[in-house]
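Reader: Hello, I am new to this structure and would enjoy a close look at just one part of it. Please choose a part, walk me through it slowly, and then show me what else there is to see.

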There are 2 protein chains.
Amino acid sequence: VVKREVVQLITPGTVMETKGLSDKQNNFLTSITHFEDETFGLAYADLSTGELHTTVINGPVQQLVNEVYSIGAKEIVVSEKFPPDLVQMIKERMVTTCSYEEVTDIPMEFDQIVKNLEQEKLQMSVGRLLHYLKKTQKRSLDHLQPARFFELDQSMKIDLFSKRNLELTETIRSKGKKGSLLWLLDQTVTAMGGRLLKQWVDRPLINPALIEQRHDMVETLINEYFTRQEIRELLKEVYDLERLAGRVAFGNVNARDLVQLRKSLSQIPHLKAMVEKLPIENASILDNMDECEELTTLLHDSLIEQPSLSVKEGNMMKDGFHEELDKYRDARRNGKTWIAELEKRERDLTGIRSLKIGYNRIFGYYIEITKANISSLPEGRYERKQTLANAERYITEELKEKETLILEAEEKIVALEYELFLKLREEVKVYIPRLQKLAKAVSEIDVLQCFATISEDRYYTRPSFNDERKVYITEGRHPVVEKVMDANEYVPNDTWMDKENEMLLITGPNMSGKSTYMRQVALTAILAQIGCFVPAKEASLPIFDQIFTRIGAADDLISGQSTFMVEMLEARNAIVYATQNSLILFDEIGRGTSTYDGMALAQALIEYIHDKIGAKTLFSTHYHELTSLDEELKKLKNIHVSVVEQNGKVVFLHKMKEGPADKSYGIHVAELAELPKELITRAQIILEKLESQPKSEPVEVAA
Amino acid sequence: VVKREVVQLITPGTVMETKGLSDKQNNFLTSITHFEDETFGLAYADLSTGELHTTVINGPVQQLVNEVYSIGAKEIVVSEKFPPDLVQMIKERMVTTCSYEEVTDIPMEFDQIVKNLEQEKLQMSVGRLLHYLKKTQKRSLDHLQPARFFELDQSMKIDLFSKRNLELTETIRSKGKKGSLLWLLDQTVTAMGGRLLKQWVDRPLINPALIEQRHDMVETLINEYFTRQEIRELLKEVYDLERLAGRVAFGNVNARDLVQLRKSLSQIPHLKAMVEKLPIENASILDNMDECEELTTLLHDSLIEQPSLSVKEGNMMKDGFHEELDKYRDARRNGKTWIAELEKRERDLTGIRSLKIGYNRIFGYYIEITKANISSLPEGRYERKQTLANAERYITEELKEKETLILEAEEKIVALEYELFLKLREEVKVYIPRLQKLAKAVSEIDVLQCFATISEDRYYTRPSFNDERKVYITEGRHPVVEKVMDANEYVPNDTWMDKENEMLLITGPNMSGKSTYMRQVALTAILAQIGCFVPAKEASLPIFDQIFTRIGAADDLISGQSTFMVEMLEARNAIVYATQNSLILFDEIGRGTSTYDGMALAQALIEYIHDKIGAKTLFSTHYHELTSLDEELKKLKNIHVSVVEQNGKVVFLHKMKEGPADKSYGIHVAELAELPKELITRAQIILEKLESQPKSEPVEVAA
């Protein structure tokens, strides 16, 4: 019985083969540690690229779920004592496997990885992750990068519901990328760039300096059209350096991979030159854009252009790279030349023009003479070895001596090339951290050129930021809807909000474009804060710290809970965590219950946000009666979607206008639909009476 | 150049091959004729079964579209002068091809088909259809049945929207049969039964005597379990007689088809015996259940059990069926016997045991002797014909004579069998009308046993009908939802409506089951009127002449029109055409516009139906304020869906209760969702004030 040892465990979070991985998507294995003070440690690594991130979550459980969702973790690693209802909660949101690991101290060999982490919570989280990796992988993890600590407060917070509602990285219906904001944006050329783009979309910035830096770069790249095109062309030749580094660490690259690495590296000086040529200061990118010159030279000197696929067949290293190898190759070459000369000489001497020297694996080298010519051969000149149907094969002592020499050389070459290749691979390993740094710089350039490309193609504008909490968008568009629709049909809309107009109350019939308008404001803010230009003619924005949405479309029914309960939970989430720097989108809150009940809740919510929070808020509603709130709530403004009648049909213009919507739109449509005259008249009377109720008095705004 | 003539045009409405056809679905080609008085002639035929129906539509254009939709016409035939906007309207609803035919007089050979039609409009409609068929088919249409005139008023009218909303034959989402009422019901055994079932579902009856007749039969079949099982078993052996008749007419049946026909026919006496055995008068079915005894005998006498697939290879007819054929077969048989005897004799005479007589296509019959035995053969005994590697083949004059005789017989047999088969097929043609009548009777039995089966399996009850316009349903269920859900989880509900309670106003939160409840009442009425039992413990119903629905789920957006416009068009359709014998389901009418506007329309609609129509109406709404209408509108009753709180979560019990729903459900949920206390308090104050408005005075009901 052969004792088999487990060599490696492949789990959903540690898949490395490209079949299981999408090029433009990270595969993060995520560990979660639950501390007694109800905080959570989070650490996640992509084994294929070596990235490792960690943070501590002090906020509500919701925030943990949000993070795990936006990481897109296919596998989470927790202690067996981890609350099962939390695992359940995560699993309700996404398909993920749960694995267990109890040990949280740092394995000695990973000291370097945690050297930047001071908090014990972070160390424990990373420790759990590393132990699990060590246990399952049982192989070199040299490419793991030092853990990077990030603070959630350093990026715009968008909760899980809102990410879905806004369709940032996947659509609500198909759950696919197509139709999402990410899909629209993705003009990246490299797989690394694609992955970084997703990370950026997931975490818009809140530091204005950092944002402006990206905008500057995008603007420059737009202006420098030809340089940008050149950059795109160069990027096309750059291989996935991050994942390549991972494979080098695991020891499963072949000579062809390293040739691709060389080819990628040889683009870097050109790429760097292009970036330097840009009329803008670019130190951060340029500093990281390490050409790894020695590595390029090494690879250039060592490997031929088209090495064999297998590393055990020779034919990889260049002549002149290694003296001994050259000697063996010389010997082989000399032997072969000698044989070629022998053939020529013997032809001349025997006068048999068809005499030839051949080789096969069984008999080695032989001289072959066709039967018709055998009579011309002097008896005893060669030793007969094999008889074929129409030829005889011979050998000579000298030929066999040379054969031994050639074959011995061959054997030595193959062995030596393999040895040299392994050595080369080890040498490449040393460069892993530098390659990873380079990969980051390349990805960044790629995402920035992507922003420039999309911004130019779709006529986006550079937004400016203001400190007065103003939202001034002229002719704004919904980026995805605009792309999907015929451009000529799309109707742009302005958005004007400032300290006097904190809230927009939007009225108008169903399907007239209220949700699209609300989403477009949020997407514009997100685009601006990830560093991209925005779909508008002009835009001045505040920096939003958080975005909250409650939009009806996402009927992701959680088992057993009523839709209205979900609606209220999302509303609560918004009003508890929103600040005056946040953006809130509420779409028809309250419609799931009876009228006055829903209307009362809607009004209370509006008042609460207006008086206590002051967040920028877009609130769409069918409660037309709420439009009179603008008398009491100073910062509330009414807008509506305009509707016209054409040939007896109702046509939506998708244009937002000031003031409340037409109060009797419904009755008007009923008239167009030719409902009985007396019914219409009666409806009008009822409406008038409902309207004439002394409303403002009893439903006055709370002091 | 060969001149090619068009032999047949295959159009979407005339596909005959089974690949293009679903067994359980008719493929109706439909002609529409537009008359000057704005009425429409409609005629439709299924070429595969020979059915032909015709009617005149006096109602609104809508009704025409409804009919074409419920026919499921894949192709319509109209004059070139037919209004193009009407074609457009039809095409918006369904995938259909439009073809043109101007001639409307009746082709002479079809006199018999229209002999029952008196109205010229009907004749013209059928004429157009027949001309188009003649033009495209260019072959025998002998199986077309005499046109059957039907009046739309003889069945319950359900408009297109409602058919979709109620998912009678296809679901809203997938547009497939699965999940529809038809899918639930379909326990038919034969394809003919399946097609008839769909026709019945599309046209529920309104004549109580006819309905009761079906119920009697269903009840009997439920009670006579074993007889019913026997009937099901027998039906399994019955081939699709209708389509078979069509193929006989077209001359593309082979002997195997006719054997299947024989097999089917041989079941009929047993089937008839079973039906006769039922303790119920069944004249109408029994009269049509024509055993076609002579045809059975003819087929029995003529065809063997397993005839060849091709009709040009013989091996179809029985021995004894035809004297000349028997003679040829005898000759062939005798010849073969003679040869067998020759072999035996020659073995004995020559002493060569391995001597054998063989046959091949080139040399015909021969005697074969192996080389080893040739020496034993007396010289000159046979004539040598062919030399093989290890044998010699010989012939004799006698052998060749017999060979000629056998081959001539063979040739004659094949020709004669083909001739006899064609004759037989012509004879079968004569029976087409009788087979079609039989098919109808068999289909009817099949659908009735299907009703009995489903009613027994799912514990349905026989409904009774009353003349007092009462709807008394105890523990009613939604037939499809109940099947899809776990039976234990389903919550049945009562429905009580009479002259004092014409309208039910249903309040309660979203997703709590209001729509399901409303649909269940409509489906119960439809099941009752197609002759099936109903999913309830007890049910007494009126006969409904029409059903109208406006249910939100069917967001089939018609290009350019607003959802609210569609809503109003559907509402108009209901209130213009409904009578006091109709059933109306209105689900949240008005929610697409602003509150008071929608509320005013909803109230006006309720009042209009209450005062002017008196139709049985189920009206669900979020306008809780409408619940006070019960004070003024005598025949309006409030009901609601009950909701309870369990462990801080809202749980729907799906149970309907009397009275209006909890006014502050929304605020209560908001409390459970832990919205800030002060917000809740404020919402309660607003609600109280909204509620305390002196409403009943100004919004009093119209006199």
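Author: What follows is a walk through one sheet of chain A, and then a shorter tour of other places. Please keep in mind that this is a predicted model, in which local features need pLDDT of at least 70, side-chain atom pairs count only at pLDDT 80 or more, and totals for chains, interfaces and linings use all residues. Residues are numbered from 1 along each chain as its sequence is written, chains are lettered from A and ligands numbered from 1 in the order in which they are written, and side-chain values use heavy atoms, with hydrogens and water left out.

Let us begin with the whole sheet. In chain A, 7 strands lie in the order β7-β17-β18-β19-β15-β20-β21 and form an open sheet with mixed pairing. At its edges stand β7 and β21 (649-658) of chain A, each with a single partner strand, so one side of each has no neighbour in the sheet. Strands here are DSSP runs of E with at least two residues, helices are runs of H or I with at least four, and both are numbered from the N terminus. Two strands count as paired if DSSP finds at least two bridges between them. In general, strands of a sheet pair through backbone hydrogen bonds, either parallel or antiparallel.

Now follow the sheet inward from β7. Strand β7 (residues 157-158) of chain A pairs with β17(A) in the parallel sense over 2 bridges, and K157(A) has Q546(A) as its bridge partner. Strand β17 (residues 546-550) of chain A is mostly covered, with 5 of its 5 residues buried; buried means under 20% relative accessible area, exposed means over 50%, and partly exposed lies in between (1.4 Å probe, protein chains only). In a regular strand, side chains alternate between the two faces of the sheet. Both faces of β17(A) are covered: Q546(A), F548(A) and R550(A) are buried on one side, and I547(A) and T549(A) on the other.

Next comes β18(A), joined to β17(A) by 4 bridges in a parallel run. Here T549(A) has L585(A) as its bridge partner. On the way to β19(A), 5 bridges link it to strand β18 (residues 583-587) of chain A, and these two also run parallel. Two places to find are I584(A), which stands opposite T617(A), and D587(A), whose bridge partner is S620(A).

Strand β19 (residues 616-620) of chain A has 5 of its 5 residues buried. K616(A), L618(A) and S620(A) are buried on one side of β19(A), and T617(A) and F619(A) on the other. Strand β15 (residues 503-507) of chain A also pairs with β19(A), in the parallel sense over 4 bridges, with M503(A) and T617(A) as bridge partners. Between two of these strands there is a helix to look for: β18(A), helix α20 (residues 595-613) of chain A and β19(A) make a right-handed β-α-β unit. Right-handed means that, with the strands pointing away from the viewer, the path from the first strand over the helix to the second runs clockwise.

Chain A also has an open sheet of 6 strands, in the order β5-β4-β1-β2-β3-β6 and with mixed pairing. Its edge strands are β5 (97-100) and β6 (148-149) of chain A, each pairing on one side only. Within this sheet, strand β2 (residues 40-46) and strand β3 (residues 52-57) of chain A pair in the antiparallel sense over 6 bridges, and Y44(A) has H53(A) as its bridge partner.

Finally, step back to see both chains. Chain B can be laid on chain A with an RMSD of 0.3 Å by a turn of 180° and a shift of 0.2 Å along the axis, the superposition being by least squares on the C-alpha atoms of residues with pLDDT of at least 70 in both copies. The two copies are thus related as by a two-fold rotation axis. Their contact (heavy atoms within 4.5 Å) takes 67 residues from chain B and 67 residues from chain A. Of the interface residues of chain B, 100% are also interface residues in chain A, so the copies meet through the same surface.
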